[in-house]
Amino acid sequence: MYIKRLFIFLAIVIVWISCKPIGIYEKMATVPQHEWSSQFKPDFTFAIKDTTVRYNIFIVIRHTDSYHYNNIWLNFSSIAPADTVVTQKINLKLGDNKKWLGSSMDDVIEHRILVNKDPVALKQGNYIFMLQNAMREDPLENVLNVGVRIERAE
């Protein structure tokens, strides 16, 4: 009887822990005509309420298998609450000459690429992130969606 109760208790705890959501924010923007012009700069606004935890920031990109490059250069801008715009140029590796690094379904490949090296503490308030194509090809063909994902770090 004791072992049965212990087993039921452990099963409930495991289910409760595994169902706990990690992501607090994920938003995607559709790239018009699947051609990402440097003039199209989608922005993403979200609010941070919990300042006791650290966060991981991801850039999410979906492209077709016909995408021409193994990487993508982006201007990644962020505005923290009551702060100025900070822009960094980043190079995201999407594949090598043999395969894509993201997950694929048919001819669509999705990448969730961690931007920050270590989890970061975020201030309470509204944040704005903006993505801009910084590749030489303008518009950049075969890009379907771009977005941002914020997760609590474990």
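1. In this predicted model, the largest pocket has a lining of 16 residues, and those that lie nearest its centre are I57, S78, V120, L122 and F129. The space in this pocket comes to about 250 Å³. By class, its lining is made up of 11 nonpolar, 4 polar and 1 charged residues.

2. As to where that lining comes from, four strands each supply at least two residues to it, namely β5 (71–79), β6 (85–93), β9 (120–121) and β10 (125–133). The largest share belongs to β5, which gives 3 residues to the lining of the largest pocket.

3. Three of these strands, β5, β6 and β10, also appear in an open sheet of 4 strands, whose order is β3-β10-β5-β6 and whose pairing is antiparallel. At the edges of the sheet stand β3 (43–48) and β6, each of which pairs on one side only. From one strand to the next, the twist averages 25°.

4. The edge strand β3 deserves a separate comment. Its pairing with β10 is antiparallel and runs over 6 bridges; within β10, N126 stands opposite A47, and I128 is the bridge partner of T45. The side chains of β3 alternate along the strand, with F44, F46 and I48 pointing to one face, where they are buried, and D43, T45 and A47 pointing to the other, where they are not. The two β3 residues named above for their partners in β10, A47 and T45, thus both belong to the set whose side chains are not buried.

5. Turning to charged contacts, the count of salt bridges comes to 5. One of them is between the side chains of E26 and R112, with an N to O distance of 3.1 Å. This pair links distant parts of the chain, since E26 is in strand β1 (residues 23–30) and R112 is in strand β8 (residues 108–114), 86 residues apart. Both partners are partly exposed, E26 with a relative accessible area of 30% and R112 with one of 43%.

6. E26 also meets R149 in a salt bridge, here with an N to O distance of 2.5 Å. Because R149 lies in strand β12 (residues 143–152) and E26 in strand β1, the pair ties together parts that are 123 residues apart in sequence. R149 has a relative accessible area of 14% and is therefore buried, whereas E26, at 30%, is partly exposed.

7. R149 has a further salt-bridge partner in E151, and the closest N and O atoms of that pair are 2.6 Å apart. E151 likewise counts as buried, because its relative accessibility is 16% and the cut-off for a buried residue is under 20%. Through shared partners, salt bridges join E26, R62, E110, R112, R149 and E151 into one network. Among its members, then, are the buried residues R149 and E151 as well as the partly exposed E26 and R112.

Conventions. Residues are numbered from 1 along each chain as its sequence is written. This is a predicted model: local features need pLDDT of at least 70, side-chain atom pairs count only at pLDDT 80 or more; totals for chains, interfaces and linings use all residues. Side-chain values use heavy atoms; hydrogens and water are left out. On a 1 Å grid over the protein atoms alone, a cavity is a set of points where a 1.4 Å probe fits but cannot get out, and a pocket is an open set with protein on both sides within 12 Å along at least five of seven lines; lining residues have an atom within 4 Å of a point. Grid points are joined across faces, edges and corners, and a volume is the space filled by probe spheres set on the points. Ala, Val, Leu, Ile, Met, Phe, Trp, Tyr, Cys and Pro count as nonpolar, Asp, Glu, Lys and Arg as charged, and the others, Gly among them, as polar. Two strands pair if DSSP finds at least two bridges between them. Axes are lines fitted to C-alpha atoms, for helices over the stretch in contact, and angles run from 0 to 180 degrees between N-to-C directions. A salt bridge is a side-chain nitrogen of Lys or Arg within 4 Å of a carboxyl oxygen of Asp or Glu. Buried means under 20% relative accessible area, exposed over 50%, partly exposed in between (1.4 Å probe, protein chains only).
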